Amino acid sequence: MRWTQYFINTLREVPADADVISQKLMMRASMIRKVAAGIYTYLPLGLRSIKKLEAIVREEMNRAGSVELSMPAIQPAELWIQSGRWQKYGKELLRIKDRHERDFVFGPTHEEVITETVRDAINSYRQLPVNLYQIQTKFRDEVRPRFGLMRGREFIMKDAYSFHTTRESLDETYQAMRDAYTRIFHRCGLDHVPVEADTGNIGGSASHEFMVLAQSGEDAVVSCPSCRYGANIEKATSKFFDDAPEPAPMIEMAPIHTPGTKTIDDVGRFLKRPTSELVKTLVFETENGPVMVLLRGDREGSEVKIKNHLGAQMLEMLGDAKFESMTGGPIGYCGPVGTKCTKVLADASLKGRANWVVGGNKRDTHIGGANPGRDFPAPEYGDFTTVFAGDPCPRCGNNLEIHRGIEVGHVFKLGTKYSEAMNCVFIDEKGERLPMIMGCYGLGIGRTVASAIEQSHDADGIIWPMPIAPFEVVVTSIGREESVVAMASDLYEKLKSAGIDVLFDDRDERPGVKFKDADLIGFPLRIAVGAKSLAQGQVEWSFRKDRAKQLGEPAAVLARVVDEVRKARG
C-alpha cells in the first residue's frame, strides 16, 4: 500500500480528552477516532492491527477445538429474565425497546444467548462436549468510560462457551483454553502472566485472568518469580497466613486509656508497640446487616475476599451516621468486646494469637488482653487481607512480587449457574436429565491491542510487536530524485512479492516529517532510501525498537528485512 493512496492523518498535538498513553498515541497515529464517550471509530491503521489479532485468535481457538459462530448483539429481555440477570446486572446493561415496546438489551456478554442456542440444539450426552466462540461487538454502559480502548462502552470481544457432562470434561477444555490464551499472547509478543482471579458478576467456581504487564495497568498482579504462582491482588494469598504463632498464656483483659488515637498507627505510637501486635477493626454494611472484620494492624482488608466469604450482594464501609448505633462503639475505638455486631470475622493471621489489643467501644479507650472465645464470641476465620510484596509465596515460600497489569483475557468455570436457571439439560446414559456444566472464555480484542502500546512505547510513539503492527515494514523515499523514488518503489514491490506487509511512504514531504510519522505509528522495521547513501550503492534500514541505523546494498537489506519479518512471525 502507498501512503498517498491510504487514509492516514496523524496529529502533532495530544488530544485534550485523552487519558492514557495508548489512547493518546492511537488518536495521534490515526488509528482511532472518538465518536462519543467510550465509543470509537477504528480507522484503517487501527483496524489492521485489530484484524491481525483476530486472525491469531481464530487460529488458536480453532486449534483448541472451538468452533466459530456469530450471535446477535441485540438480545431479548426474556433470556436475561430467565437467567436472573435482568434485575441484577445494573445500569451497565443498556436496555432498549423496539417499536412494539418489547424489551431488549445490547449484549455486554452472551451467556444467555449461547445457553439458549445449545439448549435448543442438544439433548443427549452423546452430543457433548461442545465449545463455541465468536468475535463480536459488545456494549457496557460504563459510568465513567475512559482510557480509550482500555475501558470503552462499545468494544470488540472474543467470547467462547463450552458445555459438558462432567466436571472432568470441563477441566480438560478449561486447560485447553488457558493454553490457547497463552499461545495467543505469546504470538502477539506481549509480556503477560496468567493469574487466579475473582469470578465477579459472571459467577462460577474458578477463574483466571491474563494480564499484560505495564506500569499503567489498573490492576495489581501478584506473582512469584520462583514458581508459576500468580493471582490478581483481589484473589492472592500468601504462606504468611498459614503460620500460626506459638500459643501464649492468656492474661487478664483490661482497659487502656488511649486519648486521641483514632487510627491504628496512632495506637501503635501511643503504646510504643508495632502495629503487627495490634488488631484493626473494619465494619461493613451488607444486605444482611453490619459485619465486623478484625485484621492484624499492619495489614489491609480485601473487600472482594470479605464479600465472597459472606456471599453478599452488597458490601460497603459503614457510614459515620450509623456507625456507633450499629456497632456499639465510636469510630476509631470500635472492637469485638461487647459489640452490637452479630457477625464478626477475623483474618487467619490472628488465629492462635492470644491477648489481642482491640478497640474498647468507648472514646479514648482500647482493651488489652482480649481473647476470642473468652472475652467475646470466637469469630469466623478466613483470608480477608491483601497480599504485600515480600510476603512468602503460598506454593514455594519465596518472596512474592507485585506488578501492574492490564486484564486482556478472563476464563471461568461457570458450572451450572446458567444451565440450571435456563433449563439447559442433557439426558445421560441412565436416562436422567442433568444440567450441562459450562465454561466461559473472554478476550478483549481492542483492549489487547491497546495494552501492547501501554507496554511498549517511547517519547516518540508506538513500538509495535511485529505480529500485530498495522504494517510490518515502511519504505521511505528521502528526496525527489528519480533514482531514489525508483529504488524505493522497487524495494516496496519486492517486499510485497515476498509476502511482507509493507507501506510505501511516497509522500512529497520533508524527511523529518516522514521519520516522525514512522516513529509515531511505530512500524517495526524501516527502510530509508536517500540520494547520498544510494550514490554509494546502499540504503539504510533500522528497527523501531532501537532505531540503530544500518547500511547495506539494496539486495542484502531486502533479504535481511524479509528474514527478520519471517523470524518475528514464528
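Author: A contact means heavy atoms within 4.5 Å. This is a predicted model, in which local features need pLDDT of at least 70 and side-chain atom pairs count only at pLDDT 80 or more, while totals for chains, interfaces and linings use all residues. Residues are numbered from 1 along each chain as its sequence is written, and side-chain values use heavy atoms, with hydrogens and water left out.

Reader: Among contacts between residues at least 6 apart in sequence, what percentage join residues at least 24 apart?

Author: The count takes the contacts in the protein between residues at least 6 apart in sequence. Of these, the share joining residues at least 24 apart is 69%.

Reader: What percentage of the 570 residues is buried?

Author: Buried means under 20% relative accessible area, exposed over 50%, and partly exposed in between, with a 1.4 Å probe and protein chains only. Of the 570 residues in the protein, the buried part is 52%.

Reader: How many residues of helix α1 are buried?

Author: Helices are DSSP runs of H or I with at least four residues, strands are runs of E with at least two, and both are numbered from the N terminus. Helix α1 spans residues 21-28 and is mostly covered. Ser22, Gln23, Leu25, Met26, Met27 and Arg28 are buried. Out of 8 residues in α1, the buried number is 6.

Reader: Which elements cover the buried residues of α1?

Author: The cover includes both strands and helices. The strands include β1 (32-36), β2 (39-42), β25 (457-458) and β26 (461-462). The helices include α11 (445-455) and α13 (511-521).

Reader: Why is one side of β16 and of β20 left without a neighbour in the sheet?

Author: Two strands pair if DSSP finds at least two bridges between them. By that rule 5 strands form an open sheet with mixed pairing, in the order β16-β14-β15-β17-β20. One side of β16 (315-317) and of β20 (380-382) has no neighbour because these strands stand at the edges, each with a single partner strand.

Reader: In β17, which residue is the bridge partner of Val291?

Author: Strand β15 (residues 289-296) pairs with strand β17 (residues 343-347) in the parallel sense over 4 bridges. In one of the pairs, the β17 partner of Val291 is Lys343.

Reader: What angle does the direction of helix α8 make with that of β16?

Author: Helix α8 (residues 303-310) packs on the sheet and touches β14 (279-286), β15, β16, β17 and β20. Axes are lines fitted to C-alpha atoms, for helices over the stretch in contact, and angles run from 0 to 180 degrees between N-to-C directions. The angle between α8 and β16 is about 130°.
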